[in-house]
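User: Please take a close look at one helix of this model, and set it in the context of the whole chain. I would like the cut-offs stated as you go.

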Amino acid sequence: MPRSLADQSEAELGGPHSVLTLQRRDHQELDVLLQRIDKCGGSRRQDELTSLCRLVFPHAFAEEAVLWPLVRRTIPDGEELTLQIEQEHQEINELFTKLETLDPDTPEHQQLFTEITALLHQDVRDEEDVLLPKLQEALDPRALRRAGWMWQVIRYTAPTRPHPTVARRLPGNALAALPLTGLDRSRDRLDHVSRRAPSPLAAGCRRTSHALATVAGAIEHLPPLRSGEDPSTRT
C-alpha cells in the first residue's frame, strides 16, 4: 500500500521542487493558518481569512488545471479519484462564498468555519494518503519536479477567491483565470486597506471591492467558463 506523503522525507518525495513536496508544504501552512484563525476575531480574523483564501484557492486551482489532468492520464482510477477531490473543492467554494457574507464575530461564522475546517482537513487526507501516493508510484522524480514547476507557475497566477460556478476542469477554469485573478487580487488589496484606513477612504475601498465582486459574479456565470465540468460539481 502506498505511504502517505506525511510519512515521507523531502528526498523521498522527489526533492524540494517536486509537486509532492510543494503540495505538502502548502498543506502544512494551511494547518497553521486554520489554528490562527480559530484563535482571533474582528479585523485580525478577516486578515487571516484573506491569507487562507490566498492559499486555498490558488492551490486548488493549480491542482485542477495542472495536477488532476496529469493524474487522469497516468493512474488507472484517476478519473474517480480526481472527481472526488473536485467535489470537495466545489463544496469548499460554496461554503466560503457563504462565509464571506457573515460577520466574523458571530456564532454563525464560527460554525460555518468549523465545517470548512473539517472539509479542508478531509481534502488534505484524501490527497496525501490516497491520490498523490498513487501519482508518486506512477512517475519518476524528474517528472514530479516538472509537474511541480508547472503547478507553481499556475498557483502564483490563479484566482484567490471562491468561484463556485466556474468549472473545476479545463477548459472552463483556464478561461476564468485571467479576468478573475486580476479582480480577486484587486479586491484583496482593497479589503486590506479598508480595514485600516480612515472612514471615508475605507468606505470607498469597500464600495470599489463590492463593485469588482459584482463584475466577477457576472463573469463567472459566462457559459464558456463552465465548459468541461462534471455535472456533480455544478452549482
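**One helix in its setting**

Analyst: Among the contacts (heavy atoms within 4.5 Å) of the protein chain with a separation of 6 or more, 75% join residues 24 or more positions apart. The model is predicted, so that local features need pLDDT of at least 70 and side-chain atom pairs pLDDT 80 or more, while totals for chains, interfaces and linings use all residues. Residues are numbered from 1 along each chain as its sequence is written, and side-chain values use heavy atoms, leaving out hydrogens and water.

The helix in question, α6, covers residues 172–194, and its 23 residues reach 32 Å from the first C-alpha to the last, close to the 33 Å expected at 1.5 Å a residue (1.5 Å times one less than the number of residues). At L178, shortly before the proline P179, α6 has a kink of about 45°, the bend being the angle between axes fitted to the seven residues ending there and the seven starting there.

Around α6, the protein chain has seven helices and zero strands, where helices are DSSP runs of H or I with at least four residues and strands are runs of E with at least two. The radius of gyration of the protein chain, taken over C-alpha atoms, is 18 Å, close to the 18 Å that the globule rule (2.2 Å times the number of residues to the power 0.38) gives for 235 residues, so the chain is as compact as a globular protein of that length. Along the principal axes, the C-alpha atoms fill a box of roughly 55 × 40 × 30 Å.
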